[in-house]
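Work through the exercises below with the model open. Each task is followed by a stepwise solution.

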Amino acid sequence: WFEWISKKGFALLTVKFFPRCRKRFSAMSLIKRACMRTAASVPLRGAASGPIKPIGPNFPLTSEKAMGPHGWMRGSYHFWSLSDPIRGPLYRPPWVVGGIHNPTIDPVAHFNTQDRHQTVSAGEFVKCFIYNFLPARVMWLCVYVPIAMIFFWTWVEQRREPMEIHMDREEYWKDFNSYYYGVYFDHHHFSHMLCHRRAHKWGYAGQDITLEEGHGHGHGHH
């Protein structure tokens, strides 16, 4: 008691007779209170407070008041309705619903992972692991959408008939004017003429009604 009284009295005398020390003493008291408050809120180790679970029941989701409802078709926009598409609140900034002064996650308990294998189930481990990939959705689209488009176009082209890249020299010189100047004179007629050639060349002549006489083209076989 004598030691405490002597220290307390010395501090009071210091503040009284040395005004410059008043601010220092106040600052030290503020730091002391901040440290004591933080130390008092730290979860205790051992059986006193029990195992500590670092995540809450809805982690990593946050308050619906701040971010709106979560889940498929529960957001602010309802895809299947054109008359009433807005079903939930839109995103509101922190200065409306509260920011760091109103947190939804306790950082002290969240980063205390000493009991994670006892309190967190395997399903929660997998859920937290998969949630890490949500920001990568844009990167997945950037990679796989072009690849899907290339495969789709390849699939479409493979289902089409092969083009006639080369023509026999004798066939070409039989009607040089049509093959050389025809595309400039009437490119529609020219394209239809080549369709007829491919039909006979690849063996499906007579099976495509769009190439037959009287189907609106006004010309026969070339």
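A salt bridge is a side-chain nitrogen of Lys or Arg within 4 Å of a carboxyl oxygen of Asp or Glu. The structure holds five of them.

The model is predicted: local features need pLDDT of at least 70, side-chain atom pairs count only at pLDDT 80 or more, and totals for chains, interfaces and linings use all residues. Residues are numbered from 1 along each chain as its sequence is written, and side-chain values use heavy atoms, with hydrogens and water left out.

**Exercise 1. Overall make-up**

Task: state how many helices and strands the protein has, and what share of its residues is buried.

Solution.
- Step 1. Take helices (H or I, at least four residues) and strands (E, at least two) as DSSP runs, numbered from the N terminus.
- Step 2. Count them: 11 helices and zero strands. Along the sequence the pattern reads α-α-α-α-α-α-α-α-α-α-α.
- Step 3. Classify by relative accessible area: buried is under 20%, exposed is over 50%, and partly exposed lies in between (1.4 Å probe, protein chains only). Of the 222 residues, 15% count as buried.
- Step 4. Add the surface, using Shrake-Rupley areas with a 1.4 Å probe, where only the protein chains shown count as cover for residues. The protein exposes about 18,900 Å², and carbon and sulfur atoms supply 65% of that area.
- Step 5. Check contacts (heavy atoms within 4.5 Å). Among those between residues at least 6 apart in sequence, 52% join residues at least 24 apart.

**Exercise 2. The salt-bridge network**

Task: trace the salt bridges of glutamate 164 to arginine 197 and to lysine 201.

Solution.
- Step 1. Recall the principle: side chains of opposite charge can pair when their charged atoms come close.
- Step 2. Start with arginine 197 and glutamate 164, whose side chains meet at 2.9 Å, N to O. Arginine 197 lies in helix α11 and glutamate 164 in the loop between α8 and α9 (169–174), so this pair ties together parts 33 residues apart in sequence. Both residues are buried.
- Step 3. Move to lysine 201. Its closest N and O atoms with glutamate 164 are 3.5 Å apart. Lysine 201 is in helix α11 and glutamate 164 in the α8–α9 loop, so the bridge ties together parts 37 residues apart in sequence.
- Step 4. Compare burial. Glutamate 164 counts as buried because its relative accessibility is 17%. Lysine 201, at 43%, counts as partly exposed.
- Step 5. Add lysine 174 and glutamate 171, which bridge at 3.3 Å between the closest N and O atoms. Both lie in helix α9, three residues apart, about one turn of the helix. Lysine 174 is exposed at 63%, and glutamate 171 is partly exposed at 29%.
- Step 6. Join the pieces: Glu164, Glu171, Lys174, Arg197 and Lys201 are linked in a network of salt bridges.

**Exercise 3. The nonpolar patch**

Task: find which element gives the largest share of the nonpolar surface patch.

Solution.
- Step 1. Set the patch rule: residues have over 30% relative accessible area and no salt bridge; like charges are joined within 9 Å, and nonpolar side chains (Val, Leu, Ile, Met, Phe, Trp, Tyr) within 5 Å.
- Step 2. List the members: Val126, Phe129, Ile130, Phe133, Val138, Met139, Trp140, Val143, Tyr144, Ile147 and Phe151 make a patch of about 1,100 Å².
- Step 3. Assign elements. Those that give two or more residues are α7 (122–131) and α8 (137–158). The largest share, seven residues, comes from α8.
- Step 4. Inspect one member. Methionine 139 is found in helix α8. It counts as exposed because its relative accessibility is 51%.

**Exercise 4. Two loop residues**

Task: place isoleucine 86 and leucine 61, then list their contacts beyond four places in sequence.

Solution.
- Step 1. Isoleucine 86 sits in the loop between α3 (64–67) and α4 (94–97). Its relative accessible area is 48%, so it is partly exposed.
- Step 2. Beyond four places in sequence, isoleucine 86 touches Ser76 and Tyr77.
- Step 3. Leucine 61 belongs to the loop between α2 (20–41) and α3. At 31%, leucine 61 is partly exposed.
- Step 4. Beyond four places in sequence, leucine 61 is in contact with His70 and Tyr131. The C-alpha atoms of leucine 61 and tyrosine 131 are 10.0 Å apart, across 70 residues of chain.
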